[in-house]
Structure formats: structure tokens, C-alpha cells
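Grab a pencil and open the viewer. Below are some short exercises, each with a solution worked out step by step.

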Number of protein chains: 4
Amino acid sequence: MAGSKFAYVRNFELPDPLLQETYIVLRIDGHSFHRFSEDHEFAKPNDVRALQLMDEAASSVMETFTDITLAFGESDEFSFLFKRSTSVYNRRHAKILTSVVSQFTASYVFNWAKHFPGVNLKYPPSFDGRIVLYPTEKVVRDYFSWRQADTHINNLYNTAFWALVQEGKQTTAQAHEALRGTNSAQKNQLLFERFGVNYNSVPERMRKGSVIVREEVVNEDGSPDVGNKGKGGKKRVPTRVTVLHCDLIRDEFWRERPYILLE
Amino acid sequence: MAGSKFAYVRNFELPDPLLQETYIVLRIDGHSFHRFSEDHEFAKPNDVRALQLMDEAASSVMETFTDITLAFGESDEFSFLFKRSTSVYNRRHAKILTSVVSQFTASYVFNWAKHFPGVNLKYPPSFDGRIVLYPTEKVVRDYFSWRQADTHINNLYNTAFWALVQEGKQTTAQAHEALRGTNSAQKNQLLFERFGVNYNSVPERMRKGSVIVREEVVNEDGSPDVGNKGKGGKKRVPTRVTVLHCDLIRDEFWRERPYILLE
Amino acid sequence: MAGSKFAYVRNFELPDPLLQETYIVLRIDGHSFHRFSEDHEFAKPNDVRALQLMDEAASSVMETFTDITLAFGESDEFSFLFKRSTSVYNRRHAKILTSVVSQFTASYVFNWAKHFPGVNLKYPPSFDGRIVLYPTEKVVRDYFSWRQADTHINNLYNTAFWALVQEGKQTTAQAHEALRGTNSAQKNQLLFERFGVNYNSVPERMRKGSVIVREEVVNEDGSPDVGNKGKGGKKRVPTRVTVLHCDLIRDEFWRERPYILLE
Amino acid sequence: MAGSKFAYVRNFELPDPLLQETYIVLRIDGHSFHRFSEDHEFAKPNDVRALQLMDEAASSVMETFTDITLAFGESDEFSFLFKRSTSVYNRRHAKILTSVVSQFTASYVFNWAKHFPGVNLKYPPSFDGRIVLYPTEKVVRDYFSWRQADTHINNLYNTAFWALVQEGKQTTAQAHEALRGTNSAQKNQLLFERFGVNYNSVPERMRKGSVIVREEVVNEDGSPDVGNKGKGGKKRVPTRVTVLHCDLIRDEFWRERPYILLE
């Protein structure tokens, strides 16, 4: 950006550093995905192809941004956690936010054909994003618990709703009406009694969403695959971005992966 | 986002409204496009296919965001101007910024094959973005003048540089050395004397960049094509997103298009 | 602030520059002044001593901050306008805001005895403040019109209210009840018919508030008192911080003082 | 603030909430206190009257803002720590910042005569302030350690400097020259050998600054003075704002006062 007499306009750019030593959580949401999913005939209540495409886009983000220690996704949203000490892009708000959203979007469109073979992408989908700072480990855990609890609530509702529509032959209005005011136990009961569905046997992918972590690579004998020396000469166990569908509300998940919140 | 006991974490989201009655300028830049352009063998100094793909992505943004009155692009960057009174997304910073960057990115990847027939997209490119607020008409004009002056400076340099390399058979290091410290007149002279190139005959697309506006649709006889009544019963002349390669530094451009800065 | 191993904590300070070329309006409000005015037996509906003390504190701020071109005060509040090009304290938000609020407060306490001779200041009063940015001349004018319209509305109400209490011997509850839902004309009529008060004869200080400007100093013959050469060798007419009680809603006020919004 | 047609200008006020669950540190600094201290002939290197006046202003702030758990002051500055869960003024940045700075300033001017009997306050002093957020206990402790380390460094220098000037009869330029590049040990040695001063016998007030905490009120027999039941019926031990001059860098200080960082 060379120096013309107009270059003074750069001075209107305001700095936007994110507070240090706080966890950066970045959440991406699909834009108008209700319509997008209809236009592309996503299966209901869940389209595995669409979920796997989301996972792939999120994984590509984690491959690029190595300071992301955890991601969680459901439906058309994904949340990413940066380690609290990250200095990526000098913690500049807009730079981090747009780079992640853009890469996620690009990867989604790029990998469409792989996950939807034979399905034409009619128009490019888009996503929005936001960053929220969380200052303590507790509230970071509660954030991810919030999203996973939401997954459960939404999926149970949608499973019952689409059972009523697809197998119960109700209209969508009737199905909404039938579920109005019901609690979880009642939806479980409805699924089991009317449709023979044991909700707990629904695949974990649907009930738990996608949890993406960096797992250590182990050798065939189970020992850590100690790789080359990293900076400072310490050997580091290499890690691999891995998609799980597990509970992250309980302590166990975090106890087994102290690195997520450590630095 | 249903109400679990974890929902309190939403309260950590901070509001981010942009100051009212200021012009919002949003600039998008390609991420690592030097490498991306080499990996995809872009022609030098300019690859028309790549520029047209940028124009198409920018035009798709303007089709969606009707409060954008002007866009300007060169190389791997594009700037968008929202009218000062816009209330799109209630002027929420992150929402506007990420929605535009995401749609631009998605459109770029989606339309790749159309502009690069037979060229495989090896990996998804990404873009970052930023918003800068400009409070006065003058400084908005100076912003766009800054970008177009930059286009000129860069393109003259690159035209001379690649002439030295491609026709002059110099190494890139030699070409950089040959141009070090030269002014515009000297580069013009070099192009003309050594390579018979009159810089002013280089296509305007290269020298001026891409200026995207909303032009009124006219009938075959040149009269405005008055369309249907809009809100409030006033007939509005319909407009069409149009890509130009013209000078926007001079008054003329703005005088002919008062709507750009009006509202 | 010397360099110990703890000095890294400075990096948590975030920059807070105010957007360039926007008007900075800084408003100060008395904290718990209802109680403060009762504890110090302010006259009702207006205590001229208290208003003059506010004017003096505001004038002292304007003497110090020469980029303030206008101030407006009523009751326990004062608003200050910085010229849009000001670079005071490099436009750092907290620095400007706290410096003005602190000086105003200090001046208020310091000058108490001068304006309230024989009245003991029982405890130190305090003020809060905020900065709002306004990008256009129109909205700056509307801001000050808003405050002066507010002065009128409040003062008319208070004048009627205290007439009912002090001369009408009503309780405050009865007086509030009597005025509920009345418009301006009705309050004027009530003042005139029941108490023989022509509201327009109430001093302008009460009806218009205090408008503080920099007036040019004139010689006895009315000619401008051209002072010493300023920077750059141009003779500048010296100015004096002057308190007026005039209408600032009409164009006339601004037409006569173009310097307020000019730079 | 009644509703005229101008009231829309309020919409330009931007929200400014401080991130939840982070420690709010607010530091106040004297404005041009070098000149102020000369104009009022403060004793050098330390004026106990001035320090006690600062302590009184800070104590008054702590009496008002009960969510402040710790304050530290030296020279013409004071830092205040709000508990991390505070919801004072809904954590609005400008409101908290200006209210504290204003009260501090008001108290300083109000109490001048008490601490400087017979010394005329020539003009009102002012202070600026800033808020910095600290997300962890560690960095809060390091912040206060930074300030106290600074106190030590400055006071040792000033003590040596004024000994050279006052007793050594050096000019200030000579004294600065004599101290240039010396470390702590050398300054201690100089004080002892040339002026017979054991720096460790300098009063703790000078060497450690002022640490203001809320100490529990104890009965004469040393038992806690359990007061009335607070909200929720729990008896609370009443506390008293207390000025100490002690080390706060070591663990001991914090171990004895867990309440400072707890909530």
C-alpha cells in the first residue's frame, strides 16, 4: 500500500486487540440454512452428509490454526476454542474472526462434491461468526456444555417431530402442536410408544454433536509415537485432528485432555 | 438456543454496534495469494480470469447487500461502501463483517470452474476482512482514491517488472534491482523504449481496477425503465450491478452518481 | 514506571482511540444531586448560586481544553463539544473523559465557598461523564437542541411545580398530581392565572440554560482587538470564554459562530 | 430527558460493558503533579501530608464502592481492584471510571485543608484514570507487585537524589549524573556511607506505599465483632477500610486475605 497523498485514510483504522490471557471462543453459524437445506434436500431430522461436511470444514480450520484446542459442532454451527495464551495474528479481533470464517466457508464449498456426490450445489452458502471471550476455565466448560445441551434438546425435538411427520403422517403444524409443552421424558416416551424408537439408540453423532480434538498419535503397541524434536529440543508427541461424538459435559472428557485448557 | 443452566454464558457476548451515520467501508484481502496465484499458475502481471472471478464474487455481495453503493477491487482485494444510513443487521460489526467475507469467499470458490475452465482448484483460498468507519464524504472519496492510486502504482511497477523478466529475460532479482528508485515517468519510458509498450494502452481493467456500481436500467430508447412502485408508492428506476474500469478519483465519477454518498 | 519482571501486565491495557474527524461530545452529570441539593438547601426551582458554580467549573474546563468550542449546561449537567479535528491526548477515550470530569469536579469543590459564602460544604459531590461521537454537523446541532429543549421542558415543569408548593401551599404529591398530563400551554396558563407569573419573564438563565462560547475580544470602539501573531505569523483575534443564556436551537446562533463546527 | 424531536441523538451512545468475570483494575494518576507539588512546596523526597491526603481520598472511594477489595497507592497515583463478580453500574466502563475518578478528585480537594493546615490551595488539581481488565488471579497479583516494585525503585532513587541535593549540596543535574546507571546496592551504599542513612530504616510508608484493605473489626478480646444479620440471615463480620504499609508481593499478604481475589 504505497504512499499517495490519500494514504492518511489508513489512520481511521482502529486497533482491535483481544484481551490477553482470556479464552477466545469463535462460533460460526450457517446463514439461512433452513432454506439452504431444503433447496438441497437434506435428509430430516439429520443429514449425515451435511454433518460430515461441516466436520471436514471445521477440521480444516483446526489444521490451519494450531492454537485451536477444541471445536464443537451441531447442525449448521461450529464453535472453536483458542488456547488462552494464543498470540495468533497478535490477537487482532477482525483478522482472527474473518480468517476462520472465510476458511470454513471455503472448505465447505470446496468439499461439497465429496460429501454430496451427484448433488448439484445450487448457490454458495454463507456463514456468519462472532468471537466471545471467556476469562475462566469454568465458563469455557459451561460454554461447551451449553452447546451440547442445546444439541440434545434440539435433536430430541427434531427426532420426535420428524417421526410424527414422516411416519405419523402428520402435517408439520400438527407435529409442532403435538410437541408443544412436552418435556424430555414425554418426547422419549412418544418416540418409544408410537414409533418403537429408543432415543438412546439414535447414533451418538446426532445426540452429542461433533467434538474435534487433537489426539496424540500412538504406535501399534499403544505407546506414544514420539516424533522429532520441536523447538527447544524437546520431543513432542505428534497429534492428529480427530472427530469424536462423545459427552463433553462430564469431567471425564476434560480430565483426559488437560491440554485443552492448560495454556 | 434453549435454556439450560449453562445459558448464562451468553451474557459474555458484548454488543458491537457501529457508530450511526458513518460510512462503513469493508475491505477484503486474499490470504497468502502470492502462493495461491503461483500454485494455480496465474498469468503475470495480471490474470484476467482471476480478476473477473474477483469481480463476480464482489458483484454477488452487492446483489445480496443492497445497501452497498460502491465497490472497488484490484488484485486480490475488494472494498465495499455501505450507505451511511444503513441499518443492515442493526449495524452489528461482527455480523456484517463476517457475512460479507463469507459470501465473497463462497462465491469465489463456487465460481472458480466458470472462470478457470480446465484448471483444478487445488485447495480452498481464504480472505480476511476489516471494517473501517469514515465520517465524511471527503474521506470516503479519499479512501477510494487511495485504493485506485495504489492500483496504478502497483500495476505500473508490475507491468515493468514482468516485461523485464518475460521479455527482457532478467531474473526477478535483476528486475527488482533495475526498478529500484525509479519514478512513474522512468517506468513509462522504460516500457516504451525497451519494450514498445505505451502504458496508457494497457487495458483500463489493469490500470484502473474494477469499480462496481448500481447503474439505472434504461430502455432501448435511453429513457429510464421505470419499474413497479416501491414502498410508499413512489416509482423507482430499477438498477443493475455493473462493473466498470474507470477513474473514480476525479469529481466527474461522483457527480454522475450522487446516490453513492447521498443517504 | 520502571522495568521489573512484573511490567508485562502493562500489555493488558487496550488502546482506545476515538474515531478521527468526528465531533466528540462529553456530558457530565451530577451524582445523587437530588440529595446533594437538599442537604445544602438549594433554592427551588433554581438556585442561581449553584448554576453559577456549574458555569464556573465548566468555564475552567474550557480554559484548559482549548479545543472545546461550545459547552451547554442546565441543572447539574454540562455538555462539551470538541472540534472534530482535535488531537487532544491523541484522542484517547479514557484520558480525555477522565481529565475533563476530574477538572470539572475539582473546580466545583474548589470554588464552592466563592459561590456559597457562609454555606458549609458537607461532603464532596461527584459527577459522572460519558463521551458520545457525532459524525455530522446536523446531529451535533440536534444534540445541543435536545439538551436545550430538555431545559425548557424541565424548567417549565419545575417552575409550575414549586409555585404550587411554595405559593399554592400544596404538598409535593398534590403538585405532581395537578401537573400530570398537562401540556406546555396549560402550564403557562396555570402560572399566569393562579400565580400571576408570565413564564416568558422568567430569567433566560433558567429558561435557556448556560451556553459557553469563545467570543472575540473587541476594543472599546467595537473593532476586533487584534493580538499578537500566532503560530505561522498570522494575527489571531484573541477570544474569551463567555457565558450566555441564549437560544441555540435557531440557525442564528450557529451562523454567527461558524468556528464552532468549522474545524 | 424528555422526548423532543431531537431525542434520536441518544441512539449514538454506544454500550460499553466490561467483560464479565474479569478483575477490574482502575488506576488514577495526578495531572501535572510535578508542577502542583512545587507550587504547593511539597517536602522532598516525600511529603507525608500529601500521601495521607491521597490515602484519605482513596479510602473515601472504598467506602463508597464496596466492591473494591484492595487499593494501592504511591506518590500521585492510586490503583483500585474491584472483585471479579462485581455488577456495579452494570459494569458500564465510562460510568465506573468517571464516578471513581470524580469522587477521588472531589475528596482530595475537599480534604486539602485538613491535611495541609495553613497552606492555601492555589488551584484545583486534577487526575486522570484508566481501567484495565485482568482475567486471572496471577496477573492481578503481578499488577500490584508491579506497582509496589515501582514504589521501591522510585523511592530509593528519590531518597538518594534528595540526599545528594539537600545534604550533599549538589545541583539536581549533578545528583542525576551521580546516580546514572547505579543499581540498588550502590544506591543503598551511597546513602549509608555518605549520609549515614540505612535505607531499611526509612519508614515503610515511603518504601512500601499505601495498601488499603477491608479488615475485620475485632472486639477487645480479639474475637470477631459479629454484627447484625445481613441479607439472607447470615451474620457477617463487619469490616473497616484500613490503610497499611506492608509488603504485598509475598504470598503471605494474599493468604491472609483470601477475600480480595475470591469473588
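**Exercise 1. Take the contacts in chain A between residues at least 6 apart in sequence: what share joins residues at least 24 apart?**

Step 1. Before you start, remember that you're looking at a predicted model.
Step 2. Among those contacts in chain A, 72% link residues at least 24 apart.
Step 3. Now add the overall picture: chain A has 10 helices and six strands, and its C-alpha trace spans about 65 × 60 × 40 Å along the principal axes.
Step 4. As for burial, 51% of the 263 residues of chain A count as buried.

**Exercise 2. Find the UniProt domain in chain A and describe the span it covers.**

Step 1. An unreviewed UniProt entry places "domain: tRNAHis guanylyltransferase catalytic" at residues 7–135 of chain A.
Step 2. Go to the two ends of residues 7–135: their C-alpha atoms lie 38 Å apart.
Step 3. Check what the span is made of: 36% helix and 22% strand.

**Exercise 3. Look at helix H3 of chain A: why is it described as largely enclosed?**

Step 1. Locate H3(A) at residues 93–110, which makes 18 residues.
Step 2. Compare lengths: from first C-alpha to last, H3(A) reaches 26 Å, close to the 26 Å expected at 1.5 Å a residue.
Step 3. Residues count as buried under 20% relative accessible area. In H3(A), 16 of the 18 residues are buried, so the rest of the structure largely encloses this helix.

**Exercise 4. Is Asp29(A) buried or exposed?**

Step 1. Find Asp29(A) in strand S1 (residues 23–30) of chain A.
Step 2. Its relative accessibility is 14%, so Asp29(A) counts as buried.
Step 3. Who's around? Skipping neighbours within four places in sequence, Asp29(A) touches Asp76(A), Glu77(A), Ser126(A), Phe127(A), Asp128(A) and Arg130(A).
Step 4. Try one distance too: Ser75(A) is 46 residues from Asp29(A) in sequence, while their C-alpha atoms are 9.1 Å apart in space.

**Exercise 5. Work out how H5 and H7 of chain A pack together.**

Step 1. Pick out H5(A), residues 137–167, and H7(A), residues 184–195.
Step 2. The two helices pack at an angle of about 30°, and their axes are 10 Å apart. The crossing of H5(A) and H7(A) is left-handed.
Step 3. Look at who meets whom: the H5(A) side includes His152(A), Leu156(A), Ala160(A) and Ala163(A), and the H7(A) side includes Ser184(A), Lys187(A), Leu191(A) and Arg194(A).
Step 4. A bit of helix geometry helps here. An α-helix has 3.6 residues a turn, so residues three or four places apart point the same way.

**Exercise 6. In what order do the six strands of the open sheet in chain D run?**

Step 1. Read across the sheet: S4-S1-S3-S2-S5-S6, with antiparallel pairing.
Step 2. The edges are S4(D) (127–134) and S6(D) (239–244), each pairing on one side only. From one strand to the next, the twist averages 20°.
Step 3. Zoom in on S2(D) (residues 68–74) and S5(D) (residues 210–216), which pair over three bridges. Phe72(D) has Val211(D) in S5(D) as its bridge partner.
Step 4. Now add helix H5(D), residues 137–166: it lies across S1, S2, S3, S4 and S5 of chain D, at about 20° to S2(D).

**Exercise 7. Which residues does Ser59(D) contact beyond its neighbours within four places in sequence?**

Step 1. Ser59(D) sits in helix H2 (residues 48–64) of chain D.
Step 2. With a relative accessible area of 15%, Ser59(D) is buried.
Step 3. Its contacts beyond those neighbours are Ile212(D), Val241(D) and Val243(D).

Key:
Residues are numbered from 1 along each chain as its sequence is written. Chains are lettered from A and ligands numbered from 1 in the order in which they are written. This is a predicted model: local features need pLDDT of at least 70, side-chain atom pairs count only at pLDDT 80 or more; totals for chains, interfaces and linings use all residues. Side-chain values use heavy atoms; hydrogens and water are left out. Helices (H or I, at least four residues) and strands (E, at least two) are DSSP runs, numbered from the N terminus. The expected span of a helix is 1.5 Å times one less than its number of residues. Buried means under 20% relative accessible area, exposed over 50%, partly exposed in between (1.4 Å probe, protein chains only). UniProt positions are given in the numbering used here, feature names are shortened, and annotations may be inferred rather than shown by experiment. Two strands pair if DSSP finds at least two bridges between them. Axes are lines fitted to C-alpha atoms, for helices over the stretch in contact, and angles run from 0 to 180 degrees between N-to-C directions. Contact means heavy atoms within 4.5 Å. A crossing is left-handed if the near helix is turned anticlockwise from the far one by less than a right angle, and right-handed if clockwise.
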